[in-house]
Amino acid sequence: LTLTPGDFALARMRRALLSHARVPALSRDCSASHARPFARRATARAAMSEVIQSAHAISVPAPMATRDPFLFCVYHKDLYPAGDAKMQAPRRGNGADFDAKQPYRMYHGDKIPGFPQHPHRGFETITAVMKGTIDHSDSHGNAGRYGDGDLQYMTAGAGIVHGEMFPLKHDDKPNTLQLFQIWLNLPSADKMVEPAFVMHWSEDIPVRKRDGVEITVWTGEYDGVKALAPTPNSWAAKPENDVGVYLLKMEPGAAFTLARARGGKSTNRSLYFCEGSAIEVCGQTLDRKAVLDVDASREVQVKNIGEDEVIILVLQGKPIGEPVAQHGPFVMTSEAEIRQAFSDYRQTQFGGWPWPEDAVVFPREKGRFALTGGVESAPPVR
C-alpha cells in the first residue's frame, strides 16, 4: 500500500523530530539531580509529590508525546528571516528539512516553508499560531490565512486533504513562526463524520491577565472563561469530556495555581514546559524543558523562577479509551480500517485537489481570511 511522496508529509515531520526521553528518576517522588527539592516539612513534600505522576524531557522545537484523548502535539518555533518578493526563504528546502539545530526549517516546502497537500482521516487538528502566518487550503475548497494569535480547528473525519504553508510575508523584518499543532482523536462512532473546518480569530479568543500571568483558553473552560466552540463532532464539543487546551505565559517571578479539573481523576492532564529557563512545580525546580503528567484532581502550583518569560501548554481531557491504529496521517481503531483508508484515498483522493498547486500560497497583500463552504469571512474590526 503506497501513497505519493507528499502524502505523509506531516506525519513524517512529526516522527522525524520526535525526541521524548524520560527524565531520570523524576516521577512520583519528584526527585532527580535537576529537580532540587526545597526545604519543606516531610509531610508537605509527600503530599505535593503525588501531584506529578511522571515527567519526560523534551527537545524544543520538537513533537511531544501525549495521553488519550490526544494523539500528538508539536511545538514549532522557526526564526525565518525576511522573505523575498515572492515570500520565499533565502535557502531552498531538500524535501525533508527538519533539523532542530537550525534557526529555521523548510519542512516539505521548496522555496516557501511548510507542508504541501497531504491527507488525514479519523481525527482532528487544532493549530494555534502565536506568531507568524499559515496559508490553509483543502480538498473541500476551503481556505484561509491565519496567524498571530488565531486558531484553526479541522476535523478530518471521513477524510480530507489539506496543505499548510508558511509564507514569509515580511520583506523588511524577520518572519518568526511560533505555533502548536495538536492532534485530538475521535471516537470510533465519529471517525467517519463529514470533515469540518472553523477559524477562531485572535480578537475573539478569551484571554485573562492577572498578576503577571496570561492564560489563553483555546479549548474548553477555565475559571468561568469559556473558549469558542470547536467543530461540531469534536471530542471537545461535549462538556462532559472535560477537554481543555490552555496556554500560560508567566512573567519572571509570577506564580499561578492551576485549578483542579472538573473531571477529577478521570481526566488526563499534562503540562508542557516549552519556553523559559526555570520553573518551580510541585515544590521542585525544573531547569530543562519537560512534559509533566499531573493528577487532574489536585491543584498545581507553578512559579517562574527564571529571568525569562515562561510558556506552558496545558492539555487535558477524559480518555476515549478505544484502540488506536495509526499509519501516517490515518488514525482508526483497527488495521482493517487503516487498509480501508488507503483504499478509499486511492479511489477518491478524499474529494480531489481543487487547487492549481500542491503548495498553495495566497498573495502577500491578502489579509487574514477564512473561506468555508464558498463563503469568505474576515476577522472582526475592533
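# Briefing: strands, helix α3 and ring contacts

I279 has N304 as its bridge partner in strand β23. This is a predicted model, in which local features need pLDDT of at least 70 and side-chain atom pairs count only at pLDDT 80 or more, while totals for chains, interfaces and linings use all residues. Residues are numbered from 1 along each chain as its sequence is written, and side-chain values use heavy atoms, with hydrogens and water left out.

**Overall**

- The protein chain has three helices and 28 strands; helices (H or I, at least four residues) and strands (E, at least two) are DSSP runs, numbered from the N terminus.
- Of its 382 residues, 56% count as buried, where buried means under 20% relative accessible area, exposed over 50% and partly exposed in between (1.4 Å probe, protein chains only).
- Taking contact as heavy atoms within 4.5 Å, 76% of the contacts in the protein chain between residues at least 6 apart in sequence join residues at least 24 apart.

**Strand β23 and its partners**

- Strands count as paired if DSSP finds at least two bridges between them.
- β20 (residues 279–281) pairs with β23 in the antiparallel sense, over three bridges.
- β18 (residues 255–258) also runs antiparallel to β23, and four bridges join the two; within this pairing, F256 is matched with V302 of β23.
- Side chains alternate along β23 (residues 300–304): V300, V302 and N304 are buried and point to one face, whereas Q301 and K303 point to the other and are not buried.

**Helix α3**

- The expected span of a helix is 1.5 Å times one less than its number of residues.
- The 14 residues of α3 (residues 335–348) should therefore span 20 Å, and the end C-alpha atoms are indeed 20 Å apart.
- I338, A341, F342, S343, D344 and Y345 are buried in α3.
- The buried residues of α3 pack against strands β5 (114–120), β10 (160–165), β25 (325–327) and β26 (330–332).
- Q349, just after α3, takes a positive phi of about 55 degrees.

**Aromatic rings**

- Rings of Phe, Tyr and Trp (its six-membered ring) pair if their centres lie within 6.5 Å; planes under 30 degrees apart count as stacked, over 60 as edge-to-face and the rest as tilted.
- By this rule there are 17 aromatic pairs.
- One of them is F330 with F350, whose ring centres are 6.0 Å apart and whose planes lie at 65 degrees, so the pair is edge-to-face.
- This pair links distant parts of the chain, 20 residues apart: F330 is in strand β26 and F350 in the loop between α3 and β27 (369–372).
- Both F330 and F350 are buried.
- One aromatic cluster is formed by F98, Y107, F115 and F166.

**Charges over rings**

- A charge sits over a ring if NZ of Lys or CZ of Arg is within 6 Å of the ring centre and within 35 degrees of the ring normal.
- K366 places its charged end over the ring of F369, 4.6 Å from the centre.
- K289 lies over the face of F273, 5.4 Å from the ring centre.

**Cysteines**

- There are zero disulfides in the structure, a disulfide being a pair of cysteine sulfur atoms within 2.5 Å.
- For C274, the closest cysteine sulfur is that of C73, at 6.7 Å, which is too far for a bond.
- C274 counts as buried at 1% relative accessibility, as does C282 at 4%.

**P319**

- P319 is in the loop between β24 (310–317) and β25 and is partly exposed, with a relative accessible area of 34%.
- Apart from neighbours within four places in sequence, P319 is in contact with D68, P69, W235, S266 and N268.
- P319 and F70 are 249 residues apart in sequence, with 8.2 Å between their C-alpha atoms.
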